[in-house]
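Me: Could you take me through one part of this protein in detail, the place where its helices meet? I'd like to follow it residue by residue and then see how it fits into the rest.

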Amino acid sequence: MKIKHKIKEKYGNIDIFNPYIVIFFIIIFILVSLPMLYFSDELPRPSFQVYLYILLGIIFFIIGIKFPKILSKLSKKFNKKIKTLNKIKKRN
């Protein structure tokens, strides 16, 4: 009981559907598959472009995750500014 309580206290609620877990699994997959690609003669070796495309995909995936959060923050700031302008107009 104490161990379970300590783990829950330390990590809280772990979201297994977090989008960043996908990135973690992609990196784990690459690390596991690399030795097989370079030690097997039957499989063609991947070029540098493959790793570049994987990196670009991860970057755009992260941007896709962050973009709605950034837009909502900008939208909230914009709405606050419009509300203050409307209050100023009503006073005059």
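**A close look at the helix contact**

Reply: Happy to! Let's begin with Phe61: setting aside neighbours within four places in sequence, its contacts are Pro19, Val22 and Ile23. Please keep in mind that this is a predicted model.

Phe61 itself sits in helix α3. Its relative accessible area is 32%, so Phe61 counts as partly exposed. Along the chain, Phe61 is 41 residues from Tyr20, yet the C-alpha atoms of these two are separated by 9.0 Å.

Now cross over to Ile23, one of the residues that Phe61 touches. Ile23 belongs to helix α2. Is Ile23 buried or exposed? Ile23 counts as buried because its relative accessibility is 10%, and the cut-off for that label is under 20%. With neighbours within four places in sequence again left out, Ile23 is in contact with Ile58, Phe61 and Ile62. Ile59 can be placed by distance: 36 residues separate Ile23 and Ile59 in sequence, and their C-alpha atoms are 9.7 Å apart in space.

Stepping back to the helices, a pair that packs together is described by two values, the angle between the axes and the distance between them. Here α2 covers residues 20-39, and its axis comes within 11 Å of the axis of α3, crossing at roughly 170°. That angle is why α2 counts as roughly antiparallel to α3, as angles over 145 degrees do.

Which residues make up the two sides of this meeting? From α2 come Tyr20, Val22, Ile23, Ile26, Ile30, Leu34 and Tyr38. On the α3 side they meet Tyr51, Ile54, Ile58, Phe61, Ile62, Ile65 and Lys66.

Helix α3, which spans residues 48-91, also holds Leu55. At 48% relative accessibility, Leu55 counts as partly exposed, because that class lies between the buried and exposed cut-offs of 20% and 50%. Leu55 is one member of a nonpolar surface patch that also includes Phe48, Leu52, Tyr53, Leu56, Ile59, Phe60, Ile63, Phe67, Ile70, Leu71 and Leu74. Together the patch residues have about 1,200 Å² of accessible area. Ile59, met above through its distance to Ile23, is among them.

Finally, the whole protein. Its secondary structure consists of three helices and zero strands, in the order α-α-α from the N terminus on. The protein has 92 residues, and 8% of them count as buried. Its accessible surface is about 9,100 Å², with 70% belonging to carbon and sulfur atoms.

Definitions and conventions. Residues numbered from 1 in each chain as written. Predicted model: local features only at pLDDT ≥ 70, side-chain atom pairs only at ≥ 80, totals over all residues. Heavy atoms only, no water. Patch = residues over 30% accessible without salt bridge, like charges linked within 9 Å, V, L, I, M, F, W, Y side chains within 5 Å. Areas by Shrake-Rupley, 256 points an atom, 1.4 Å probe, with all protein chains shown as cover. Salt bridge = Lys/Arg side-chain N within 4 Å of Asp/Glu carboxyl O. Helix = DSSP H or I, 4+ residues; strand = E, 2+ residues; numbered from the N terminus. Buried < 20%, exposed > 50% of the residue type's maximum accessible area, 1.4 Å probe, protein only. Axes fitted to C-alpha atoms, helices over the stretch in contact; angles between N-to-C directions. Parallel < 35°, antiparallel > 145°, perpendicular 65-115°, else oblique. Contact = heavy atoms within 4.5 Å.
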